[in-house]
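Reader: I should like a close look at one part of this model, its nonpolar core. Please set out the fold that surrounds it first, and afterwards the polar pairs and the backbone details that belong to the same elements.

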Amino acid sequence: MGSSHHHHHHSGESYPQRQDHELQALEAIYGADFQDLRPDACGPVKEPPEINLVLYPQGLTGEEVYVKVDLRVKCPPTYPDVVPEIELKNAKGLSNESVNLLKSRLEELAKKHCGEVMIFELAYHVQSFLSEHNK
């Protein structure tokens, strides 16, 4: 968010540091809807992030929510310079076509954002997509 759209390394931050900062930000934004799927996320050796975000339509709360989906992102060790694996799980209220369309859009988006942390962008895109399909 903000002006982090330049494609060079931040001042000497390692991949794990960049990944960690992103996860902390996501956890702050999504709270209980953010899950770190690594078995030993607190261990001394950090595995690359694997996370699950439970996403609802942009800006909607309460009973008008007809669609939701889990965004599962598995990052390679050199993420964000390599695109993560993206899966959509537990879709509710979306057709298979919609889910497939969304997935291919996310993969495009990931390629476009290669070199900068992108999970927030992906999640935001999912939420906008859900808003359009919240019928």
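Author: The answer below moves from the overall fold to the core, and then to individual residues.

This is a predicted model, in which local features need pLDDT of at least 70 and side-chain atom pairs count only at pLDDT 80 or more, while totals for chains, interfaces and linings use all residues. Residues are numbered from 1 along each chain as its sequence is written, and side-chain values use heavy atoms, with hydrogens and water left out.

The protein contains three helices and four strands, taken as DSSP runs numbered from the N terminus (H or I of at least four residues for helices, E of at least two for strands). Along the sequence their order is α-β-β-β-β-α-α. Of the 135 residues, 36% count as buried; buried means under 20% relative accessible area, exposed means over 50%, and partly exposed lies in between (1.4 Å probe, protein chains only). The accessible surface comes to about 7,600 Å², and carbon and sulfur atoms hold 53% of this area. These areas come from the Shrake-Rupley method with a 1.4 Å probe, and for residues only the protein chains shown count as cover. Among contacts with a separation of 6 or more, 55% join residues 24 or more positions apart, a contact being heavy atoms within 4.5 Å.

The core itself can now be described. The largest nonpolar core has 28 residues, and Leu53 and Leu71 are those with the most contacts inside it. Here a nonpolar core is a set of buried Ala, Val, Leu, Ile, Met, Phe, Trp, Tyr and Cys residues joined through side-chain atoms within 4.5 Å. At least two residues come from each of α1 (15-30), β2 (50-55), β3 (68-74), β4 (85-92), α2 and α3 (119-132). Helix α3 gives the most, with six residues. As a general background, nonpolar side chains tend to be buried together in soluble globular proteins.

Which residues does leucine 71 touch, leaving aside its neighbours within four places in sequence? Its contacts are Ile51, Asn52, Leu53, Leu55, Ile86, Glu87, Leu88, Leu106, Leu122, Ala123 and Val126. Leu53, one of these partners, is itself named with Leu71 as having the most contacts inside the core.

Helix α2 also offers some details. Serine 98 lies in this helix and counts as buried, at 11% relative accessibility. Not counting residues up to four places away in sequence, serine 98 touches Phe129 and His133. Leucine 101 is found in α2 as well, but is partly exposed, with a relative accessible area of 38%. Its C-alpha atom is separated by 10.0 Å from that of phenylalanine 129, which lies 28 residues apart from leucine 101 along the chain.

The polar pairs come next. The structure holds five salt bridges, each defined by a side-chain nitrogen of Lys or Arg within 4 Å of a carboxyl oxygen of Asp or Glu. One of them belongs to α2: glutamate 107 pairs with lysine 103, the closest N and O atoms being 2.7 Å apart. Both lie in helix α2 (residues 96-112), four residues apart, about one turn of the helix. Glutamate 107 is partly exposed at 32%, and lysine 103 is partly exposed at 27%. Glutamate 87, a contact of leucine 71, forms another salt bridge with lysine 89, with closest N and O atoms 3.3 Å apart. Glutamate 87 is partly exposed at 37% relative accessibility, as is lysine 89 at 29%. In a further salt bridge, aspartate 36 and arginine 38 bring their closest N and O atoms to 2.9 Å. Here the environments contrast: arginine 38 is buried at 7%, whereas aspartate 36 is partly exposed at 28%.

There are zero disulfides, a disulfide being a pair of cysteine sulfur atoms within 2.5 Å. Cysteine 75 is buried at 6% relative accessibility, and cysteine 114 is partly exposed at 25%.

Two backbone details remain. Most residues other than glycine have a negative phi, and most peptide bonds are trans. Tyrosine 79 and proline 80 are joined by a cis peptide bond, with omega about 10 degrees, and proline 80 is found in the loop between β3 and β4. Asparagine 90, in strand β4, has a positive phi near 50 degrees although it is not glycine.
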